[in-house]
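This report looks at the pockets, the cavities and one sheet of the structure shown below. Please keep the sequence and the model in view while reading.

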Amino acid sequence: MPTTDNWTRVVVDAATERPDAGLLRRLAHGETAVVVLRNLLPAEVFADNGTRIGKLFANASTTSYANGALTTIGPYLAKYLQDLDGYFQAADEAKDMLDEAAFDLADQVRAGLRDAFGLDAVSVAQEPDGREYAASVVRIHADGVRNPLHNDNIMRDAQGTGIALTDLAYQLSCVVCLQECDEGGELRMYRKPWEPVDETYKIQDGLGYDEAVVDGYPCHEFKPQAGDVYLINPTRYHSIERVTGRDRLTMGFFMGFANDGLNSAVVWG
């Protein structure tokens, strides 16, 4: 895995400093691998919400593929692009379930990001007809699970569906580490955006792409700690290495920006 000095992570202690306003732009333009915000929220917020989400594990669903599986609490849009009515119904049900459990981590993280970066707004995405997207998705990587090499680009993947998110200019991803695994679980972030020719590397009936698609590209590896809030550009290739021991438990959402100003974001799960 080749690496370069400038393809790396930036770590900010949000309790004592404000992140540089240019960090979002560097992420959006693919110039920084990971931005890590530590102490964005008080430790008890993460602990309390970790306990609350733990009580909802029975509501988790697993989608299996030829080369892996995704276990989540709450719907993720990419799974529902051929069934948008089903997605919005599942998003409403997830909101009710999380509200009942008093799981408010996504709300608090959105407010924390807005304040830290001085954004005008960080709000849950809506369709013009008022239908609201899921505010977040909780991902459970159990012992032995690896998330294969892939990239996420709603502007590309939702083309032809008519949803508002296809008009975005940039997509970032925010991930909150609720529980670390014992070993493994590292994020590998590659300095390579998707190109149409990459489809020759797509794994048939499976998740993601053959690793050969990123041969020769810089890679940065990051193992999150509980309480880390980190941002990446998911349109660049990335993977999560095999988890050993305790579950790797995260909550995340995508962040979309409508223009180069990067001053207001909408989020979805």
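## The second largest pocket

In this predicted model, the second largest pocket has a volume of about 260 Å³, and its lining is made up of 16 residues, of which Lys95, Leu98, Asp99, Asp107 and Ala135 lie nearest its centre. The elements that contribute two or more residues to this lining are α3 (84-100) and α4 (105-117), and the largest share, six residues, is supplied by α3.

Sorted by class, the residues around the second largest pocket are nine nonpolar, one polar and six charged.

## The largest pocket

The largest pocket has a volume of about 940 Å³ and is lined by 43 residues, with Ala78, His150, Asn151, Asp152 and Phe254 lying nearest its centre. Two or more lining residues come from each of β6 (137-141), β7 (147-150), α5 (154-157), β8 (170-179), β12 (229-232), β13 (236-240) and β15 (248-257).

Of these elements, β15 gives the largest share of the lining, namely six residues. The lining of the largest pocket as a whole divides into 22 nonpolar, 13 polar and eight charged residues.

## A four-stranded open sheet

Two of the strands that line the largest pocket, β7 and β13, also belong to an open sheet of four strands, whose order is β7-β13-β10-β11 and whose pairing is antiparallel. Because β7 and β11 (219-222) stand at the edges with a single partner strand each, one side of each of them is left without a neighbour in the sheet. From one strand to the next, the twist averages 15°.

Within this sheet, β10 (residues 187-193) pairs with β13 in the antiparallel sense over four bridges, and proline 193 has arginine 236, in β13, as its bridge partner.

## The cavities

The structure also holds two cavities of 30 Å³ or more. The largest cavity encloses about 40 Å³ of space and is lined by Ala69, Leu70, Thr71, Thr72, Arg139, Ile140, His141 and Val145. The elements giving two or more residues to this lining are β4 (68-73) and β6, with β4 providing the largest share, four residues; by class, the lining comprises four nonpolar, three polar and one charged residue.

The second largest cavity has a volume of about 30 Å³, and the residues that line it are Cys177, Gln179, Glu180, Cys181, Gly184, Gly185, Lys223, Pro224 and Arg248. The lining of the second largest cavity divides into three nonpolar, three polar and three charged residues.

Key. Residues are numbered from 1 along each chain as its sequence is written. This is a predicted model: local features need pLDDT of at least 70, side-chain atom pairs count only at pLDDT 80 or more; totals for chains, interfaces and linings use all residues. Side-chain values use heavy atoms; hydrogens and water are left out. On a 1 Å grid over the protein atoms alone, a cavity is a set of points where a 1.4 Å probe fits but cannot get out, and a pocket is an open set with protein on both sides within 12 Å along at least five of seven lines; lining residues have an atom within 4 Å of a point. Grid points are joined across faces, edges and corners, and a volume is the space filled by probe spheres set on the points. Ala, Val, Leu, Ile, Met, Phe, Trp, Tyr, Cys and Pro count as nonpolar, Asp, Glu, Lys and Arg as charged, and the others, Gly among them, as polar. Two strands pair if DSSP finds at least two bridges between them. Axes are lines fitted to C-alpha atoms, for helices over the stretch in contact, and angles run from 0 to 180 degrees between N-to-C directions.
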